[in-house]
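I opened the notebook today to look up aromatic side chains and their surroundings. My entries follow the structure below.

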Amino acid sequence: IEQQTKDDKAEVAEYFNTVGFDRWNKIYSESTEVNKVQLDIREGHQQTVDRVLQWLDQDRAGKPLTESVCDAGCGVGSLSLPLLERGASVYATDISAAMVEEAEARAKSLLVNGGHRRGRFETKDLESLGGSYDTVMCIDVMIHYPTEKMEEMVMKLASLADRRLIISFAPDTWYYSLLKKVGEFFPGPSKTTRAYLHEEGRVKAALAKAGFTVRRDHMTATNFYFSRLFEAVRQ
Ligand code: SAM
């Protein structure tokens, strides 16, 4: 498991610094240079982002967001930017320097009133993160790792979270396993890294072990994008 995890991590880092960066930077933008599958993934991912923001907006009830957030595996900042915009202090980190540099560049060019100054951007894998934050987010990252590793990630993220964890994963159901098997999950010539599905029960058990319980959940499913979202709070 350890060796496999190391390989996965090295592969993922390499991918998101090279071809994966180009692919996902386009998907996570308004670029028109995307195919139908990528467009579908963009729309699905946006639904996940919107759901997270909807939860936070419900809670803050019109007030600025004052909490500290750690966005682990921030990508190009699809969540970090709207969080900064709402007033949060955000520690945005990613294993890929290319991704996190893009996130910082977007924050500087898109955020008004110095919103980017509440952000701290750093190239760092989530395994070596420190500190404590009101909320820790890790969206669409666990799909890159096997279930044993997902469990370790949940423990690590939980140790950084004072109050709340918001995580997402591709759920392991017979339907998605079948899709993955027949290669429809990520169609086309190997455009991505391996995708791992996780059983919802295993994720909940890992959260419980870390002292967290699911308060809100959501499932986003488009044709090519599947993501189960949990908001978990300290028990
Ligand atoms: N969370 C972002 C979002 O939802 O827009 C990005 C999702 S993207 C599919 C997955 C990201 O996880 C990539 O930017 C990748 O570099 C990052 N990543 C993968 N493994 C990681 C790790 N061990 N620590 C930190 N980031 C990681």
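In which helix is W174 found? I note first that I am working from a predicted model. I looked up W174 and located the residue in helix α7, which covers residues 174–181.

Next I checked how W174 sits towards the surface. Its relative accessible area is 68%, and because exposed means over 50%, I entered W174 as exposed. I then found that W174, together with Y175 and L178, makes a nonpolar surface patch of about 400 Å².

I turned to the ring pairs. A pair of aromatic rings is described by the distance of the centres and the angle of the planes. Counting the pairs whose ring centres lie within 6.5 Å, I arrived at four aromatic pairs. For one of them, Y15 and F16, I read 4.9 Å between the ring centres and 80° between the planes, and since over 60 degrees counts as edge-to-face, that is how I entered the pair. I also looked up the exposure of both residues, and Y15 and F16 are each buried.

For W24 and Y28 I noted ring centres 5.3 Å apart and planes at 45°, so this pair went down as tilted. W24 is buried, and I entered Y28 as buried too.

Last, I looked for charged side chains over rings. I found R120 over the face of Y91, at 4.0 Å from the ring centre. I also found K149 over the face of Y145, where the distance from the ring centre is 5.5 Å.

Notes:
Residues are numbered from 1 along each chain as its sequence is written. This is a predicted model: local features need pLDDT of at least 70, side-chain atom pairs count only at pLDDT 80 or more; totals for chains, interfaces and linings use all residues. Side-chain values use heavy atoms; hydrogens and water are left out. Rings of Phe, Tyr and Trp (its six-membered ring) pair if their centres lie within 6.5 Å; planes under 30 degrees apart count as stacked, over 60 as edge-to-face and the rest as tilted. Buried means under 20% relative accessible area, exposed over 50%, partly exposed in between (1.4 Å probe, protein chains only). A charge sits over a ring if NZ of Lys or CZ of Arg is within 6 Å of the ring centre and within 35 degrees of the ring normal. Patches are made of residues with over 30% relative accessible area and no salt bridge: like charges are joined within 9 Å, nonpolar side chains (Val, Leu, Ile, Met, Phe, Trp, Tyr) within 5 Å. Accessible areas come from the Shrake-Rupley method with a 1.4 Å probe; for residues, only the protein chains shown count as cover. A salt bridge is a side-chain nitrogen of Lys or Arg within 4 Å of a carboxyl oxygen of Asp or Glu. Helices (H or I, at least four residues) and strands (E, at least two) are DSSP runs, numbered from the N terminus.
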